[in-house]
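Here are my notes on the model, set out as numbered points for you to check against the coordinates.

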Amino acid sequence: MRYFVLKQDDRITDMPYAIDFFEKIDVRSVSAAGAGAVPTRTLINIRPSGFTVFPDVLCSPVLLVTDEAKDVIQAFDEYLVYREVVYLDAKNESLQLYFMPMMEIVDCLSEKSEYVNVSRGAFSKVVLKRAPIRDKALFLVKNNTQRVCIMRLDLAESLLGRDCKGFTLEEAGMDSDPVS
């Protein structure tokens, strides 16, 4: 199976800019293991703009998806837990409900991964170890410096087939070394 690094589509220039996200949600807790420390619903204020585009998928500061994208993801992982995040532009009276998946963190990053900046953990190529992944459709890679969200090919195709917008995919390499 092929896997992809999920990234924000930077062609969308009018993304919502969260003002108080980090004050309200500890991103270190946004995972399956830390789900109990994350509020069930959080209201996040965004920078006022009459031109804000709310895509189906936001990758930063954590993965956030619309209801439509959540339905697709649930078809591939029915046990994934979600938290609600409401993005509010009070000045322009607009809001968008997002769902934050509490994904499992998997220790599967291969030593063959290539870095642009090692100290910041910025990757030029992500290479995964196949064994720890098993058949997960959506998960985070255990990494101390950067959140790396990985999506399986069939899930990516389903999201794209439903015209979900806001993300790009970069294929992750797979370590072909035998498992010891």
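Leaving aside neighbours within four places in sequence, which residues is Leu 138 in contact with?

1. The model is a predicted one, and the point above is best taken up at once. Apart from its neighbours within four places in sequence, Leu 138 is in contact with Leu 63, Ile 73, Leu 80, Pro 101, Met 103, Cys 149, Ile 150, Met 151 and Leu 155.

2. Leu 138 also belongs to the largest nonpolar core, which has 22 residues, and within that core the members touching the most others are Leu 6, Val 57, Leu 63, Leu 138, Leu 155 and Leu 159. At least two residues of this core come from each of α2 (67-76), β11, β12 and α4. Apart from this core lies another, made up of 17 residues, among them Ile 25, Val 62, Tyr 98 and Met 102. As a general matter, nonpolar side chains in soluble globular proteins tend to be buried together.

3. The sheet deserves a careful look, since β11 and β12 are part of it: an open sheet of 5 strands runs in the order β7-β11-β12-β1-β13, with mixed pairing. Its edge strands, each of which pairs on one side only, are β7 (105-106) and β13 (167-171). Strands β11 (residues 138-141) and β12 (residues 148-152) run antiparallel and are joined by 4 bridges, and Val 141 stands opposite Val 148 in β12. Packed on this sheet is helix α4 (residues 153-161), which touches β1 (3-8), β11, β12 and β13, and whose direction makes about 85 degrees with that of β12.

4. On aromatic pairs, of which the structure holds 3, two may be described here. The rings of Tyr 3 and Phe 139 have centres 6.0 Å apart and planes at 65 degrees, so this pair is edge-to-face. Tyr 3 lies in strand β1 and Phe 139 in strand β11, 136 residues apart, so that the pair links distant parts of the chain; both Tyr 3 and Phe 139 are buried. The rings of Phe 21 and Phe 22 likewise form an edge-to-face pair, because their planes stand at 70 degrees, with the centres 6.0 Å apart. Phe 21 counts as buried, at 2% relative accessibility, whereas Phe 22 counts as exposed, at 56%.

5. How many disulfides does a search of the whole structure find? The search finds 0. For Cys 59, which is in no disulfide, the nearest cysteine sulfur is that of Cys 149, 6.9 Å away, and Cys 149 is likewise in no disulfide. Cys 149 counts as buried because its relative accessibility is 9%, under the 20% cut-off.

6. Is Leu 97, in strand β6 (residues 94-102), buried or exposed? Neither term applies, because at 30% relative accessibility Leu 97 counts as partly exposed. Not counting residues up to four places away in sequence, Leu 97 touches Thr 66, Glu 84, Val 85 and Val 86. Between Leu 97 and Thr 66 there are 6.6 Å in space, C-alpha to C-alpha, although the two are 31 residues apart in sequence.

7. A last point concerns Ser 29, which is placed in the loop between α1 (21-24) and β2 (41-45). Despite the loop setting, Ser 29 is buried, with a relative accessible area of 15%. Its contacts, leaving aside neighbours within four places in sequence, are with Gly 34, Ala 35, Ala 37 and Val 38.

Key. Residues numbered from 1 in each chain as written. Predicted model: local features only at pLDDT ≥ 70, side-chain atom pairs only at ≥ 80, totals over all residues. Heavy atoms only, no water. Pairing = 2+ DSSP bridges. Contact = heavy atoms within 4.5 Å. Axes fitted to C-alpha atoms, helices over the stretch in contact; angles between N-to-C directions. Buried < 20%, exposed > 50% of the residue type's maximum accessible area, 1.4 Å probe, protein only. Core = buried A, V, L, I, M, F, W, Y, C linked by side-chain atoms within 4.5 Å. Disulfide = S-S within 2.5 Å. Phe/Tyr/Trp six-rings, centres within 6.5 Å; stacked < 30°, edge-to-face > 60°.
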